[in-house]
Amino acid sequence: MQLLGVVKQVSAVVLVCLTFVVVQGQTNYGLGTSNYLTSASTPLNPGELGRMKHKWYVSPFALNARIHNNYLSLDMPYSPYRLLNNSTPDQYRKRDGKAYRNWNWVSTNSDVDQLNFYSSVKIEGPAIYARHKNWVYGLSNEVNVFAQVLGLPSHLADDQLKQLQDNRDGSIASSGVLAKELEKDNNIQLFQNIYHAINLSIARSFELKNDRNLSIGVTYKVINSVGGLSFLMQTQGVQLDTQSGHFHFSKPKVQFTEYYARNNKLKPHGFGGLDLGFVYTFRNKETRRNQQYLNRHTDYKYKLGFSILDMGKLVYTRTIRSQLDIDYNLDLSLLDKFQNADPNELFKELEAAKLPNAESTILTTYGEKIAMGLPTRMILNFDFQVFRRFYLSTLFVQSLRKKGVEHLYMPNLIQITPRIEGKYMELGLPLSIRKVRPTITQGLTLRVFNFFISTQNVIPFFTPQKAAEASVFFGIQISNLPGKFYNPKYTYRKFSKKGCSKF
Amino acid sequence: MKKVNLCLGRIGMILGLTMVLFSCQKEKNEALEIRPINNRTILKKHTKGTDYIIQNLEVNAELIIEAGVTIDVVKGGSINIGPKGRLTISGIGTEKVIIKGKDDQPWKGIQFVEGGGFLSGLELINASAGGEGKGAITTSGESEITLNGVEILFSGKSSALVANGKSIITINKACEIRHAHIPYQKELFSEIIFKSDVVLNDIGLRCILIKSEHGNGITLSQNWVMPKKDLPYLFKESVHVAGRLIIAGGTRVLMGIGTSIFVLNKGELIAEGSPIWPISFSCESPTRDWNGISIISGRIRLVGAHISHVLSKNNDQGVVTIAGYAEANIQYCNMVNNDVTCAIVVRRNGIINANANSLNQFGGLSRVCSY
């Protein structure tokens, strides 16, 4: 029951985070280089599967969520961590004893003029992986929830927040505010999508000379979407070409799309997705071990990983898309009488005059085939054993999708993680560097036996101030159960000076 | 380990079988529901089966249905094209647009209220829920629609096409009507224009039915023209001509059993045929009769007309009866196969201007009787 309570509390934190700010990204990067946690490393590099240390393993559940945005932050009067202990101060509890939330705890950052967030929650599991000779096979399940906002003008977010703080209906910003945005240069994208994937993995490890090793893995994803929504507004005001003295008017593009799931749940949306990964393991004299040892433990000088994840597209046919077209319908003969006028003055006058002349039409299209790119990204990883059991890992994530178009997107990241790794325990301190604010965050990863928990930003758990990001990744994997049948004893042969008996 | 492998193999087999079982399940409909159309909307083909489901669709803007789209309408549902609406169906060749009742249940068809449309490559099936007096395609107000390669099938008691008000239905080419009631116009205010032959199968009488809303007779108080059409006109009720009715040469007019054409209130009936394009007046049933033409007040001009199947039990009633202050100009007419004593009966103040030589065939009747 206590465990259930903890799960409830953790769920509550995640829910609060989801509700309050926005969720982003894959968080398991900190554990992604772990040699014993295949359930965390395989989603980042299928090649890691070929290096699996277990005969088999099952991962019943893992949650991977992160909260991050560049504009809103959470100024709670107490640490969000206290929600975990159910130790919320009494003055912040309702009559029934439950903690309440207050929109006034959300503050804004006046330094930025656009709100961006890329969010994803990934629920992984159940997953089952098994080795047969040099081959490893896997079958896993995942649910991805994406919610992204790109380029939302900060005053629009302000307006919305104010409505929430004033306990008004909280609906999306009024049409008047949106209409004003049509006059400016904007590229706003609001996006939400949920999809489910069944992953079929296969990996193989190749022994190279001098106990070096190359592991290659492929994961094919059969993808079914639950559906989604997107709102896209691309506007560009009047532009003056000072060379030619001509004005250019580009049409604003405003479109709202609804994506619906298939009624035939087993029919995938498109041809599916593909992950491809390679891991090269280098061993020097000190780290060379015999194969039986390596089957259960790990040792190398460095490991180089390269993977491309989520290649492919979600193809929707059950769609409803409404597009607003606006023609400015300007009388260009007006330009003649302003021939000798100051171009900037003219520019201002025309800009002021354009909207009243605008004619707008809405076109709704049912059943248009829309292919939405999966969040394709490239991951490079270099894991170096500085000294025994102490590793320094660097990870670089580069998105291969363009922003602002109809694709799912995962932001870029550089992460440096010092970690101590043993068979039964692992501790890491990932330092993440990104372009978006907060640019540097300090995380913490911990694995004890087969339980693991990780965060990319520990700060919000300890301080209530300016929590613009929080993340959590936790789960369990079950493998090689104790006992002779499941866990046959290996007879180790000493191959180097440091035998396995010292592990 | 062997046992574990065996176990895993079995799990894999079970999973595989489950997948096979799931994939064998009956394929579900991928149709999308359509909301009321309030802005320009395009419907695209997006799945193998039914693309869209409609209950009652109100169209208040332009609706474009692309080739190959299949739409199911739920039982009793309809598509209503409002005053600001327009329906464009662009089926081509084998990629027709199919609008049918869901699970072969009856629905009420497409109704144009003022709005217009261009329907090409359309199959309209099971639009029979409207019943008698309604159509698979019904137009009203001043709506104008054009049909091109339209098939109307299994409309039951509903007519294939109904033109109400001042609406116009133009049938261009390659249209076919099967297992449906005949197309009809109401009170001649509206018009069904046949620009090409229409294939009519299993529809009973092949004609354009003209009937009033209330069923108590058709009153024509304005000026109307009945152009020549491939199909005959059928007046199910007596016609009261209080305005001016011009019947073009070559037109065939069928009258309901026991009905008459009355010219009254200074009305005017002008039926000018020619030897090549005679105008024929007959009864809808070859074995039954109608009551002929009576001019009570007004004028008629009959030239090159064939009038048959008129029955009168009284001597003062002829094929054409002129009563009151009425004037008749009858030339080159043929009045055979009538069960009357006199072909033309002139009462009291009636004036007849008939070219005796031209009244060439009266079937042995007295040509003109005066009372």
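## Side-chain contacts in a two-chain predicted model

Reader: Hi! Let me start with Trp290(B): does that side chain count as buried or exposed?
Author: Hi! Trp290(B) counts as buried, because its relative accessibility is 0%. Please keep in mind that this is a predicted model.

Reader: Good to know. What ipTM does the predictor give the complex?
Author: The ipTM is 0.71, and the pTM is 0.71 as well.

Reader: And what is the mean pLDDT of chain B?
Author: Chain B has a mean pLDDT of 81. A pLDDT of 70 or more is reached by 80% of the residues in chain B.

Reader: Thanks. On to charges: how many salt bridges are there over all chains?
Author: The count is 25 over all chains. As background, side chains of opposite charge can pair when their charged atoms come close.

Reader: Can you walk me through one in chain A? What forms a salt bridge with Arg419(A)?
Author: Asp383(A) does, and the closest N and O atoms of the two are 2.9 Å apart. This pair links distant parts of the chain, with Arg419(A) in strand β18 (residues 413-421) and Asp383(A) in strand β16 (residues 377-387) of chain A. The two residues are 36 residues apart.

Reader: Is that pair buried or exposed?
Author: Arg419(A) is buried, and Asp383(A) is buried too.

Reader: Which ring does the charged end of Arg419(A) sit over?
Author: The ring of Tyr391(A), with the charged end of Arg419(A) 4.6 Å from the ring centre.

Reader: Nice. What about Asp90(A), which residue does it form a salt bridge with?
Author: Asp90(A) pairs with Arg93(A), and their closest N and O atoms are 3.8 Å apart. Asp90(A) is exposed, because its relative accessibility is 64% and the exposed class starts over 50%. Arg93(A) has a relative accessible area of 21%, so this residue is partly exposed.

Reader: Now chain B. Which side chain meets Arg40(B) in a salt bridge?
Author: That would be Glu62(B), at 3.1 Å from N to O. Here, too, the pair links distant parts of the chain: Arg40(B) is in strand β2 (residues 40-43) and Glu62(B) in strand β4 (residues 62-66) of chain B, 22 residues apart. Arg40(B) counts as partly exposed because of its 39% relative accessibility. Glu62(B), at 25%, counts as partly exposed.

Reader: Which residues do salt bridges with shared partners join into one network?
Author: The network is made of Lys122(A), Glu124(A), Glu142(A), Lys221(A), Asp275(A), Asp310(A) and Arg377(A).

Reader: Let's switch to rings. How many aromatic pairs does the structure hold?
Author: There are nine over all chains. In one of them, the ring centres of Tyr366(A) and Tyr52(B) are 6.0 Å apart and the planes are at 80°, so the pair is edge-to-face.

Reader: Where in the two chains do those tyrosines lie?
Author: Tyr366(A) lies in strand β14 (residues 359-366) of chain A, and Tyr52(B) lies in strand β3 (residues 52-59) of chain B, so the pair joins two chains. Tyr366(A) is buried, as is Tyr52(B).

Reader: And back to my tryptophan: why is the pair of Phe281(B) and Trp290(B) stacked?
Author: Their planes are at 25°, which is under the 30 degrees cut-off, so the pair counts as stacked. The ring centres are 6.5 Å apart. Phe281(B) counts as buried because its relative accessibility is 1%.

Reader: Which residues form one aromatic cluster?
Author: Phe282(A), Tyr302(A), Phe382(A) and Phe384(A) do.

Reader: What about the surface: which residues make the nonpolar patch?
Author: Val386(A), Phe387(A), Leu392(A), Ile414(A), Ile416(A), Leu431(A), Ile433(A) and Ile440(A) make a patch of about 630 Å². Strands β16, β18 and β20 (431-433) of chain A are the elements that give two or more residues to the patch. Val386(A) is found in strand β16 of chain A. Its relative accessible area is 36%, so Val386(A) is partly exposed.

Reader: Last one! How many residues apart in sequence are Val218(A) and Tyr137(A)?
Author: They are 81 residues apart in sequence and 9.9 Å apart in space, C-alpha to C-alpha. Val218(A) is in strand β7 (residues 213-235) of chain A. With 28% relative accessibility, Val218(A) counts as partly exposed.

Methods: Residues numbered from 1 in each chain as written. Chains lettered and ligands numbered in written order. Heavy atoms only, no water. Salt bridge = Lys/Arg side-chain N within 4 Å of Asp/Glu carboxyl O. Buried < 20%, exposed > 50% of the residue type's maximum accessible area, 1.4 Å probe, protein only. Helix = DSSP H or I, 4+ residues; strand = E, 2+ residues; numbered from the N terminus. Phe/Tyr/Trp six-rings, centres within 6.5 Å; stacked < 30°, edge-to-face > 60°. Lys NZ or Arg CZ within 6 Å of the ring centre and 35° of its normal. Patch = residues over 30% accessible without salt bridge, like charges linked within 9 Å, V, L, I, M, F, W, Y side chains within 5 Å. Areas by Shrake-Rupley, 256 points an atom, 1.4 Å probe, with all protein chains shown as cover. pLDDT = per-residue confidence, 0-100.
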